[in-house]
Each structure stands twice: as structure tokens, then as C-alpha cells.
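Here is a short report on one structure. It covers the ligand shell, the core, the helix packing and some backbone details.

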Amino acid sequence: MVDMTGKTCIITGGNSGIGKATALGLAKMGATVVIVSRGKEKGEAALADIIAKSGNRSTELMLADMSSQDSIRTLASDFKARHERLHLLVNNAGVYLTRRNTTVDGLESTFATNHLGPFLLTSLLLDLLEASAPSRIVNVSSDAHNGAKIDFEDLQGQKKFSGWHAYGQSKLAMILFTHQLAKRLDGTGVTVNSAHPGVVRTNFANNNGLVTFGFRLMRPFFISPKTAAKRILYVATSPDLEGVTGKYFTKTHEVKSSQESYDDESAKRLWQISEQLTKVSI
Ligand SMILES: NC(=O)c1ccc[n+]([C@@H]2O[C@H](COP(=O)([O-])OP(=O)(O)OC[C@H]3O[C@@H](n4cnc5c(N)ncnc54)[C@H](OP(=O)(O)O)[C@@H]3O)[C@@H](O)[C@H]2O)c1
């Protein structure tokens, strides 16, 4: 087990599924772990469980809604008020929505939560990550990005909405962001990679149209959150990956992501739009 004593980590969606199991793994490695949850009750229950199972009392909870830019800004400033260092950011929180919703900022919810939220949080914490280098960013993406394209003419599904398209597009956006950010961070000691955790038995997309009867039948064959977390923890902590950046991992293997994810023009265009929509400049 990698010794993470003295390292500070933040993980979004740390109250449930893959995020919670990853936070528990980091706590067992001795890290100071901040889990981010949008719900107080769920967050407190997860925190108590992680502390009980790891015995690590340097674990804390911060509340934030990753679909709200004000909430993300408050999270970043609260984090900075309490911590002088950040060695690992895991952008894990994500949603799959079958119907088009908009956030408090008036943005389509899948795009806002899965891509713009991580884009904004990362940009706000980048100075701390650089000051703490060597440090890492892990973006929890998905193989569902395969076959997706960024629809620049209708990025937020205003003309036509499909949950599957919005989800795949958001996970592709995360990988384009990873590739572009890796270039910009060259020489800083901060690495950024994305990872597909596998098909995992979590609460993900429960209570919506993705969870069909067939999906439920397949559920016992999905991997556990603990197994998925081991994959994320590998990308987040393995000494084998020191200096490795701008890559995509499945299981514990570096693999090629889709052809679209290497389109530099798309990555630059998406970056510009993301900066405009979040009002930040990295
Ligand atoms: N499960 C899979 O097979 C699979 C496969 C590939 C990729 N992934 C990715 O893995 C990540 C974790 O998913 P999971 O499978 O562990 O599902 P999960 O148990 O549903 O966890 C998702 C987490 O994201 C949080 N979240 C969602 N919207 C949020 C918001 N607006 N603000 C703050 N937190 C928010 C959820 O909070 P609540 O508990 O409050 O809802 C929860 O903590 C997601 O990014 C997902 O796309 C999952």
C-alpha cells in the first residue's frame, strides 16, 4: 500500500459509490482526505463510516453542489482557508439524466455537473496543486465517451436532448479537458489523467430510465465500488505513474481513448467555451 501520510486529497462525490470507496482507500493510506458531498446527511454518514473503517481521523466533509458555480467557488475558498496544500484532486461526482434539466446557473445539468463543475473546481485549486507539486488530478470519466462527439452547435441540448448523448459528450469533454490541461501544466509537477472505473454496482443512474430490467439483471456481474476504487487509486497514487500525464486508464492500463478525444481543435474550442461559461481563466 502506498503511504500517503502528509498528503492532502479532495474527492467530489465522496459520499457514495466509487468516490466513497476511493476516499476510504486514501484514508487507509494515511492521507488527509476531504470528501465533498451535496447532501449533509449522506455526507456525514459517509464520513463516519470512512473514519470507523480506516481509523483515520484526518478525514473531513465539505458540502457543495457541483452543478452550482457559486457553490463550487465557496468550496474552493473554504478549502483554501483550511488547507495550505493539495496533492490530489479527484473529480468524481457525476450524473446521468434522462430528461433535460437546467442548473441554478441556467446550464444543462449533465454538461454543468460532469464537465463544467470539474473545470471550475480544478481551475480554482490549481495554484494550490502547483504549490504542492508533485501533485495529481484524476478525472473520473467513462468508456461511454466512445462514439460521442462534442456538438458545438447544440452543446447544451437545447434543440434536441438525449440522456445518453449528453452523458457521453460530458465524459468526452472531461477527456478533452484532461489532454489540454496536461499540455498547459507541462513542467509544473502537476499531472492530470482520466480513468474509466469499469461498470460498477453503485447508485449511479438509479431511479431513471437507464436502469432498465435488463440492466438490473446484469447488476450482479458489475464490479464492486471497492474494485473500481482500486483502479482510481492506482492512477491517483501509484509511484509507477510519477510524471505520467494526459493519459486515459482502464483498469490499471493506459489505453487510447476515442479518436475524438485527441482532436486538439475541439479541445481548444471547448476550453474557450468552458472559460466563458465559468468566468475563469486558467
Ligand atoms: N457506475 C459505473 O458503472 C460508472 C462507470 C463509468 C464511470 N462512472 C463515473 O463514476 C463517477 C461516480 O459514480 P458512481 O458510480 O460512484 O455513482 P454514485 O454512487 O451515484 O456516485 C455519484 C456521486 O456524485 C455525486 N453527485 C452527483 N451530482 C452531484 C452534484 N450536483 N453535486 C455534488 N455531488 C454530486 C453523488 O451525490 P448524491 O449521492 O447526493 O447523489 C454521488 O456522491 C461518476 O462520475 C460516473 O459518471 C461510473
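Gly94 is buried, because 26 C-beta neighbours lie inside 10 Å. The model is a predicted one. Gly94 sits in the loop between strand S4 (88-91) and H4. Leaving aside residues up to four places away in sequence, Gly94 touches Gly13, Thr113, Asn114 and Val140. Pro118 is 24 residues from Gly94 along the chain, and the two C-alpha atoms are separated by 9.7 Å.

**The ligand shell**

Gly94 also belongs to the surroundings of the ligand. How many residues surround the ligand? There are 26, and Gly13, Gly17, Gly94, Thr202 and Phe204 are the closest. Sorted by class, the shell holds nine nonpolar, 14 polar and three charged residues. Helix H1 (residues 17-28) gives the most to this shell, with three residues.

**The nonpolar core**

The largest nonpolar core has 74 residues. Which residues have the most contacts inside it? They are Cys9, Val33, Ile35, Val90 and Ile232. H4 supplies the largest share of this core, 10 residues.

Take Cys9 from that group. Cys9 lies in strand S1 (residues 8-12). Cys9 counts as buried because it has 27 C-beta neighbours inside 10 Å, and the cut-off is 20 or more. Beyond residues up to four places away in sequence, Cys9 touches Leu26, Ala31, Thr32, Val33, Val34, His87, Leu88 and Val90. Val33 is 24 residues from Cys9 in sequence, yet the C-alpha to C-alpha distance is 4.9 Å.

Val90 is another of the core residues with the most contacts. On the same sequence filter, Val90 touches Cys9, Ile11, Thr12, Thr22, Val138, Val140, Ile232 and Ala236. Cys9 and Val90 thus appear in each other's contact lists. Val140 is touched by Val90 and also by Gly94.

**Helix packing around H8**

Two packed helices are described by the angle between their axes and the distance between the axes. Helix H8 (residues 264-278) packs with helix H4 (residues 109-131). The axes of H4 and H8 come within 10 Å and cross at roughly 75 degrees. H4 and H8 are therefore roughly perpendicular to each other. Which residues meet there? Leu116, Phe119 and Leu120 come from H4, and Ser274, Leu277 and Thr278 from H8. By class, this contact has four nonpolar, two polar and no charged residues.

H8 also packs with helix H5 (residues 163-184). Here the angle is about 100 degrees and the axes are 9 Å apart. Angles of 65 to 115 degrees count as roughly perpendicular, so H5 and H8 are roughly perpendicular to each other as well. H5 brings Ala173, Leu176, His179 and Gln180 to the contact. H8 answers with Ser266, Ala267, Lys268, Leu270 and Trp271. The classes are five nonpolar, three polar and one charged.

**Backbone details**

Most residues other than glycine have a negative phi, and most peptide bonds are trans. Three places in this model depart from that pattern, and the table lists them with their angles.

| Site | Location | Angle |
|---|---|---|
| Ala133 to Pro134, cis peptide bond | Pro134: loop between H4 and strand S5 (135-140) | omega near 5 degrees |
| Lys251, positive phi | loop between strand S7 (248-250) and strand S8 (253-255) | phi about 55 degrees |
| Lys279, positive phi | segment after H8 | phi about 60 degrees |

Are the two lysines buried or exposed? Lys251 counts as partly exposed because 15 C-beta neighbours lie inside 10 Å. Lys279 is exposed, with 9 other C-beta atoms within 10 Å.

**An exposed proline**

Where does Pro239 lie? Pro239 is in the loop between helix H7 (225-237) and S7. Pro239 has 6 C-beta neighbours inside 10 Å and so counts as exposed. Ser68 is 171 residues from Pro239 along the chain, and their C-alpha atoms are separated by 35 Å.

Terms used: Residues numbered from 1 in each chain as written. Predicted model: local features only at pLDDT ≥ 70, side-chain atom pairs only at ≥ 80, totals over all residues. Near = placed C-beta within 6 Å. Helix = DSSP H or I, 4+ residues; strand = E, 2+ residues; numbered from the N terminus. Nonpolar A, V, L, I, M, F, W, Y, C, P; charged D, E, K, R; others polar. Axes fitted to C-alpha atoms, helices over the stretch in contact; angles between N-to-C directions. Parallel < 35°, antiparallel > 145°, perpendicular 65-115°, else oblique. Contact = placed C-beta atoms within 7 Å. Core = buried A, V, L, I, M, F, W, Y, C linked by C-beta atoms within 7 Å. Buried ≥ 20, exposed ≤ 12 C-beta atoms within 10 Å, placed from the backbone.
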